[in-house]
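Hi everyone, thanks for coming. Could you bring the picture up on your screens, so we can walk through it together?

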Amino acid sequence: KDIVAGDFYWMEQKGDILLFAAADCTGHGVPGAMVSVVCNHALNRSVREYDLHEPGKILDKTRELVIEEFEKSEDEVKDGMDISLCGLNLKTNTLTWSGANNPLWVIKKGDTEVEEIKANKQPIGKYVAPEPFDTHTIQLEKGDSLYIFTDGYQDQFGGEKGKKFKAKNMRELILSLQN
């Protein structure tokens, strides 16, 4: 039970579009891993069965499929998934992106700042006021860097004082390693 968790990465190719994601499902250990299986399956179905390739539409369909699956349970399931999902056109270097609570960080070649594209503040799963997920488009150039991640790294405790690492320190670490 200690070697499974709710975080996972995912990748699928649809023609010239390479889809990839970093996802975090609620729960720890076996429960988190079981939610990950449901969410991973829903992502696969959204792309393979429903032939979607736009990240926002993939997340909309994935949410629908996850809720449908959870409703089969006798108990009310309040679990869900936070995700950062990219679609990279391998011919044009155009990136489409959508996120459920997890952002995208972009560092353009030569820049010393992280550009943060904010995610929709809603999970994949049941939510009080769900809205369609936004899809953002970015033209990438050779040497640009992308970062997608869950909150797992920045939520780690450690250091001399045993405190959380936090997003600010993660941003500084990434910038220090950029070149």
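Let's begin with strand β5, which is covered on both of its faces. L104 and V106 are on one side, W105 and I107 are on the other, and all of them are buried. Before I go further, please keep in mind that this is a predicted model.

So where does β5 sit? It belongs to an open sheet of three strands, in the order β6-β5-β9, and the pairing is antiparallel. The edge strands are β6, residues 115-117, and β9, and each of these pairs on one side only. On average, neighbouring strands of this sheet are turned by 25 degrees against each other, if we ignore direction.

Now look at how the strands are joined. Between β5 and β6, which run antiparallel, there are three bridges. One residue to find here is W105, whose bridge partner in β6 is E116. With β9, strand β5 pairs in the antiparallel sense too, over four bridges. There you can look for I107, which has S145 as its bridge partner in β9.

What packs on this sheet? Helix α3 does, touching β5, β6 and β9. The direction of α3 makes about 30 degrees with that of β5.

Let's stay with W105 for a moment. How many aromatic pairs does the structure hold? The answer is one. The partners are W105 and F149, and their arrangement is edge-to-face, with 4.6 Å centre to centre and 70 degrees between the planes. An angle over 60 degrees is what counts as edge-to-face, so the 70 degrees here puts this pair in that class. W105 lies in strand β5, residues 104-107, while F149 is in the loop between β9 and β10, so the pair ties together parts that are 44 residues apart in sequence. W105 is buried at 2% relative accessibility, and F149 is buried as well, at 9%.

W105 has another neighbour to show you. R171 lies over the face of W105, at 4.7 Å from the ring centre. There is a similar kind of arrangement at Y50: the charged end of K61 sits over the ring of Y50, 4.2 Å from its centre.

Next, please find L59, in helix α2. Is L59 buried or exposed? It is buried, with a relative accessible area of 0%. Leaving out residues up to four places away in sequence, L59 touches I83, L85, S98, G99, A100, I124 and F133. Here is a nice one for thinking about folding a chain in space: L59 and T135 are 76 residues apart in sequence, yet their C-alpha atoms are 9.7 Å apart.

On to the cysteines. A disulfide is a covalent bond between the sulfur atoms of two cysteines. How many disulfides does the structure hold? It holds zero. Take C39, which is in no disulfide: the nearest cysteine sulfur is that of C25, 3.7 Å away. The cut-off for a disulfide is 2.5 Å between the sulfur atoms, so 3.7 Å is outside it. C39 counts as buried, at 0% relative accessibility. C86 is in no disulfide either, and for C86 the nearest cysteine sulfur, again that of C25, is 17 Å away. C86 is buried too, with a relative accessible area of 0%.

Last, a word about the backbone. Most residues other than glycine have a negative phi. Which residues should we look at with that in mind? One is D51, with a positive phi of about 55 degrees although it is not a glycine. You will find D51 in the loop between α1, residues 29-48, and α2, residues 55-70. Another is K166, with a positive phi of about 75 degrees, and K166 is not a glycine either. K166 is in helix α3, which covers residues 166-177. Unlike the buried residues we visited, K166 is exposed, with a relative accessible area of 52%.

If you go back to one place afterwards, try W105: it pairs with F149, has R171 over its face and has E116 as its bridge partner in β6. Thanks for listening!

Definitions and conventions:
Residues are numbered from 1 along each chain as its sequence is written. This is a predicted model: local features need pLDDT of at least 70, side-chain atom pairs count only at pLDDT 80 or more; totals for chains, interfaces and linings use all residues. Side-chain values use heavy atoms; hydrogens and water are left out. Helices (H or I, at least four residues) and strands (E, at least two) are DSSP runs, numbered from the N terminus. Buried means under 20% relative accessible area, exposed over 50%, partly exposed in between (1.4 Å probe, protein chains only). Rings of Phe, Tyr and Trp (its six-membered ring) pair if their centres lie within 6.5 Å; planes under 30 degrees apart count as stacked, over 60 as edge-to-face and the rest as tilted. A charge sits over a ring if NZ of Lys or CZ of Arg is within 6 Å of the ring centre and within 35 degrees of the ring normal. Two strands pair if DSSP finds at least two bridges between them. Axes are lines fitted to C-alpha atoms, for helices over the stretch in contact, and angles run from 0 to 180 degrees between N-to-C directions. Contact means heavy atoms within 4.5 Å.
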